[in-house]
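Reader: I would like a close look at one part of this model, with what packs around it and the backbone details that deserve a second glance. Please give the cut-off behind each term as you use it.

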Amino acid sequence: MSKADPNPVLHALLDRHSTGPRYLVEPGPSDAELLMLTEAALRAPDHAALVPFRFRAVRGAARERMATLFEQAARAAGKDAESAVLDRERALKAPVTLAVIARIDLGHPQVPAHEQWACLGGALAHLLLAAQALGYGAKMLSGAKARSPLLASAFCEGGEMLVGWIAIGTPTLDRRAKHGKPPPDEVLSFWS
Ligand SMILES: Cc1cc2nc3c(=O)[nH]c(=O)nc-3n(C[C@H](O)[C@H](O)[C@H](O)COP(=O)(O)O)c2cc1C
């Protein structure tokens with residue numbers, strides 16, 4: 001299947017790429033568009049319909065509050081003042097940030113944790129693809145911040161885990177991933 005394939009769904013899938021926060025400007029997705037992105041995420045394969053994830057959108061004035069938490073988390077992790085300010089600024093770059101929260105039921109009798117994580121991965125991919133289809137750029141990010149107890153308690157309820165953040169906005173460039181992917185025949189083989 002080539003990228004020039006006229007099938008629009010396949011074309012969109014084969015063209016999916018991340019756009020980092022430094023290349024994102026206003027406007028970000030509207031409330032209605034955020035709901036549509038979430039609906040796309042909910043179409044991911046999900047054994048027993050557990051919905052092992054949820055999102056929390058951060059935009060407008062809330063970005064400042066998140067930026068303060070990013071700075072505090074960096075300081076708590078031992079970063080110096082200058083690096084902590086960089087972390088603060090990172091929080092302000094994207095017009096909309098979606099915190100990605102995992103809700104894994106570790107004791108589920110039918111669906112082991114790895115299947116629930118697989119669902120969450122599918123949901124992320126759907127959401128990123130849908131954002132690109134609406135003309136936005138987006139990138140999933142995590143880093144040490146995602147494991148900060150301060151940020152986890154700000155975004156999660158008990159038993160939940162902060163996976164990271166999806167930055168979304170209008171892309172200032174049409175940036176393709178630079179790192180190569182393996183050819184598909186290295187990933188697909190035929191078992192016999
Ligand atoms: C859960 C998760 C966390 C990620 N965290 C980071 C991160 O902290 N920093 C980063 O540069 N890329 C991170 N990535 C990878 C990027 O989102 C992106 O997929 C990668 O740069 C490849 O670019 P592409 O999506 O255009 O192929 C993460 C991906 C996932 C699924």
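Author: The answer below starts with one helix and its partner, then goes on to a second helix pair, a strand residue and some loop positions.

The model is predicted, so local features are described only at pLDDT of at least 70 and side-chain atom pairs count only at pLDDT 80 or more, while totals for chains, interfaces and linings use all residues. Residue numbers start from 1 along each chain as its sequence is written.

The part to look at is helix α3, residues 62-76. Helices here are DSSP runs of H or I with at least four residues, strands are runs of E with at least two, and both are numbered from the N terminus. The expected span of a helix is 1.5 Å times one less than its number of residues. For the 15 residues of α3 that gives 21 Å, and its end C-alpha atoms are 21 Å apart, which agrees. After α3 comes Gly-78, which has a positive phi near 95°.

The buried residues of α3 are Met-66, Leu-69, Phe-70, Glu-71, Ala-73 and Ala-74. Buried means that 20 or more other C-beta atoms lie within 10 Å of a residue's own; 12 or fewer makes it exposed, anything in between partly exposed, and the C-beta atoms are placed from the backbone. The cover over these residues includes β2 (53-59), α4, β3 (96-102) and α6 (149-155).

Of these, α4 (residues 81-93) can be described in detail: its axis comes within 8 Å of that of α3, and the two cross at roughly 150°. Each axis is a line fitted to C-alpha atoms, for helices over the stretch in contact, and the angle runs from 0 to 180 degrees between N-to-C directions. Angles under 35 degrees count as roughly parallel, over 145 as roughly antiparallel, 65 to 115 as roughly perpendicular, and the rest as oblique. α3 and α4 are therefore roughly antiparallel to each other. Their crossing is right-handed, the term for a near helix turned clockwise from the far one by less than a right angle, with anticlockwise giving left-handed.

On the α3 side, the contact is made by Arg-63, Met-66, Ala-67, Phe-70, Glu-71, Ala-74 and Arg-75; on the α4 side, by Ser-83, Ala-84, Val-85, Asp-87, Arg-88, Arg-90, Ala-91 and Leu-92. Contact means that two C-beta atoms, placed from the backbone, lie within 7 Å. By class, these residues are eight nonpolar, one polar and six charged. Ala, Val, Leu, Ile, Met, Phe, Trp, Tyr, Cys and Pro count as nonpolar, Asp, Glu, Lys and Arg as charged, and the others, Gly among them, as polar.

A second helix pair can be set beside this one. The axes of α2 (residues 31-41) and α5 (residues 113-133) come within 7 Å and cross at roughly 140°. That makes α2 oblique to α5. This crossing, too, is right-handed. Met-36, Leu-37, Ala-40 and Ala-41 of α2 meet Ala-123, His-126, Leu-127, Ala-130 and Ala-131 of α5. By class, the contact of α2 with α5 has eight nonpolar residues, one polar and no charged ones.

Next, the strand residue. Ile-166 sits in strand β5, residues 161-171, and is buried because it has 24 C-beta neighbours inside 10 Å. Apart from residues up to four places away in sequence, Ile-166 touches Thr-97, Leu-98, Val-100, Leu-127, Leu-128, Ala-138 and Met-140. Its C-alpha atom is 8.3 Å from that of Val-96, although the two are 70 residues apart along the chain. Met-140 belongs to strand β4, residues 137-141, and counts as partly exposed, with 17 C-beta neighbours inside 10 Å. Beyond its neighbours within four places in sequence, Met-140 is in contact with Leu-124, Leu-128, Gly-164 and Ile-166.

Last, the backbone details. Most residues other than glycine have a negative phi, and most peptide bonds are trans. Glu-26 and Pro-27 are joined by a cis peptide bond, with omega about 0°; Pro-27 is in the loop between β1 (24-25) and α2. Ala-48 is not a glycine, yet its phi is positive, about 65°. Ala-48 lies in the loop between α2 and β2 and is partly exposed, with 14 C-beta neighbours inside 10 Å. Val-51, found in the loop between α2 and β2, has a positive phi of about 45°. Val-51 is partly exposed, with 15 other C-beta atoms within 10 Å.
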